[in-house]
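The exercises below are meant to be worked through with the sequence and the model side by side. Each task is followed by a solution that proceeds step by step.

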Amino acid sequence: MSEQCKFKNYIWELPVRWCHWINVICIVVLSVTGFFIGTPFSFGRSASDFTMGWIRFIHFTAAYLFAVSVISRVIWSFIGNKYSGWKEFFPLATARGRHKLLRMLRYYLLIDKDVPETVGHNPLATTAYIALFCIYSTMVLTGFALYAEHAPSSPMHRALGFMYALFSDQGMRLTHHFGMWLIVGFVINHIYSAWLMDIKEHGSEISSMFCGYKFTVKKED
Amino acid sequence: MNNQDDGAENSLLEHNCAMREYSVGEILRERGVSRRDFLKFCSAMTAAMALPVTFAPKVAQALDEVKRPPLVWLEFQDCAGDTEALLRSANPTVGEIVLDILSVDYHETIMAAAGHQAEAALEKTITDYRGKYLCVVEGSIPMRDGGVYGCVGGKSHLYRARQVCGGALATIAVGTCASFGGIPAAVPNPTGAVGVKEAVPGATVINLPGCPVNADNLTATVVHYLVFGKIPALDGHGRPLFAYGKRIHDNCERRPHFDAGQYVEQWGDDGHRKGFCLYRMGCKGPATFHNCPTQRYNDKTSWPVGSGHGCAGCSEPAFWDTMGPLYKRLPNVPGFGIEHTADKIGIGLAAGAAAAFAVHGALNAIRRDKEPSDENREG
């Protein structure tokens, strides 16, 4: 256990934390309602019930919220502090980033025993977030393309016209299902890694996502 | 060909030519169709074209005045199902549409002429009325190996399609095969089958997919042309918006059961007997654009979902390859056993990830870490 004095750094700004937790809520809500929409069981007692109707309403509302949250986070990566900046997400592009990434990978593969301390994002994590962002985009595009079919030749249906050229209708559904399972796999990884880094780095990894502060031995430049 | 045949052919052609001098309304009256029945037909067509009811008199007036366009009906790689659908349609009857509203000069299944006589009738129509006749195509066109996999009267389908559709005022591709290649074009598509638009890119093509085509939609398309003098507004797949502008799921008579959460869970179960939603049984209504729920088949008698079977998605491009399995919601995943749905693979992936991280966590828990060296610290 560390006996050194640690410095308090403000890392995650409010929009970053809000986007993170909105995404969490949306992913849970979208996965549960989405799974039901894909494999419904007969909840309805009479034809005047609106069970599936409400579940789909919740799914679509959460989908809009999620899309806005993802887009907001992308915009914030151009206006926020350096820890939230877009450059963080491409560690492979810089020599320093590649070095950090390799260190982190060696620790994860149980080769090295000292935990590389990171102030902002873990470079291994940001690389995964880029893949995650691609999955998010696919989910948003396939989801809204399927949703827009209720109103053909509406502005949304026209704007997503390229999706109907790229995918068959059923192919879009299949992709949308797979995307959910990939996100579920990511969530398992993400929670585990946050827990692991919290207990290994002693930098208050998990609580930083609530309060925004992380702790490091050296003071920031 | 002997002289007697020649005489018969000539009188047939003369008859056809003479008939064109009369308007549709006059011919119908001559045939003993009452004014009342004629107006009923006009109202039905107005409804099929998704026009307001106030258009019915306009339709009637236009049909009263318009001259019948000559029409040829070509059959390629097909099952003649669309012809069957046309022959079985009760309102308008085949007598009304094929013989009275249109001047069908060539139709392999129903024409009286045969052999050289028939071929001559086709040649005469497409030369005499070049750019003025309508062409209806049923069946896909084989393209592989120069189109050798199908021919009628010694001419390959590809040659005929280019010759006849290329010179037509407009081509109406009836059925999914003529529109998108359909079942002959399903994987592995041994004959290289394609729809009319792909075989003759320069032709003006209106696609009326469906297996079979709804004869009402065919008549409405022709009537639209007769009334307005132009082809109806089309969607991205070349289908008239009046018939393919809405999704089956959104107009379905079982839709209230979908929204309520009442589903058929097994064939013949209580829900099936009560007419609940067929979504769980693999109905492709949510993926299919067609006016089946409102127009229905066989004189508005019924349609698949109406009689307790899910939609097969037959009016969508590549339906055979992308809409299967018929009784499942999602396609099978290539490379996995046919019983493995996307969700089963997904659960496997998630469980695998969870197990891997559980092992990783256990290894980390029993391992003693070093404090990071200064070199490994940031900040």
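Two strands pair if DSSP finds at least two bridges between them, and helices (H or I, at least four residues) and strands (E, at least two) are DSSP runs numbered from the N terminus. This is a predicted model, in which local features need pLDDT of at least 70 and side-chain atom pairs count only at pLDDT 80 or more, while totals for chains, interfaces and linings use all residues. Residues are numbered from 1 along each chain as its sequence is written, and chains are lettered from A and ligands numbered from 1 in the order in which they are written.

**Exercise 1. Find the strands that pair with strand 1 of chain B, and say which residues stand opposite Pro70(B) and Trp73(B).**

Step one is to locate strand 1 of chain B, which covers residues 70–75. Next, follow its bridges: 4 of them join it to strand 2 (residues 103–107) of chain B, and these two strands run parallel. Strand 3 (residues 134–138) of chain B also pairs with strand 1 in the parallel sense, over 5 bridges. Finally, read off the partners: Pro70(B) stands opposite Ser103(B) in strand 2, whereas Trp73(B) stands opposite Val136(B) in strand 3.

**Exercise 2. Decide why strand 1 of chain B counts as largely enclosed by the rest of the structure.**

Begin with the criterion: a residue is buried if 20 or more other C-beta atoms lie within 10 Å of its own, exposed if 12 or fewer, and partly exposed in between, with C-beta atoms placed from the backbone. Since 6 of the 6 residues of strand 1 of chain B are buried, the strand is largely enclosed by the rest of the structure. In a regular strand the side chains alternate between the two faces of the sheet. Here both faces are covered, with Pro70(B), Val72(B) and Leu74(B) buried on one side and Leu71(B), Trp73(B) and Glu75(B) buried on the other.

**Exercise 3. Compare the surroundings of Ile27(A) and Phe55(B): is each buried, exposed or partly exposed?**

Take Ile27(A), which lies in helix 1 (residues 14–38) of chain A. Ile27(A) is buried because 20 other C-beta atoms lie within 10 Å. Two residues are in contact if their C-beta atoms, placed from the backbone, lie within 7 Å, and, not counting residues up to four places away in sequence, Ile27(A) touches Ile183(A) and Val187(A).

Then turn to Phe55(B), in the loop between helix 3 (35–48) and helix 4 (56–65) of chain B. Phe55(B) has 18 C-beta neighbours inside 10 Å, so it counts as partly exposed. Its C-alpha atom is separated by 8.3 Å from that of Ser43(B), 12 residues apart along the chain.

**Exercise 4. Describe the side of chain B that touches chain A: which helix gives the most residues to it?**

Start with the totals, in which 46 residues of chain B are in contact with 49 residues of chain A. Helix 14 (255–260) and helix 18 (342–365) of chain B each supply at least two residues of this side, and helix 18 gives the most, with 11 residues. By class, this side of chain B has 19 nonpolar, 13 polar and 14 charged residues, where Ala, Val, Leu, Ile, Met, Phe, Trp, Tyr, Cys and Pro count as nonpolar, Asp, Glu, Lys and Arg as charged, and the others, Gly among them, as polar.

**Exercise 5. Summarise how chain A is built: how many helices and strands does it have?**

Counting gives 8 helices and 2 strands, and along the sequence chain A follows the pattern β-α-α-α-α-α-α-α-α-β. Buried residues make up 30% of its 221 residues.
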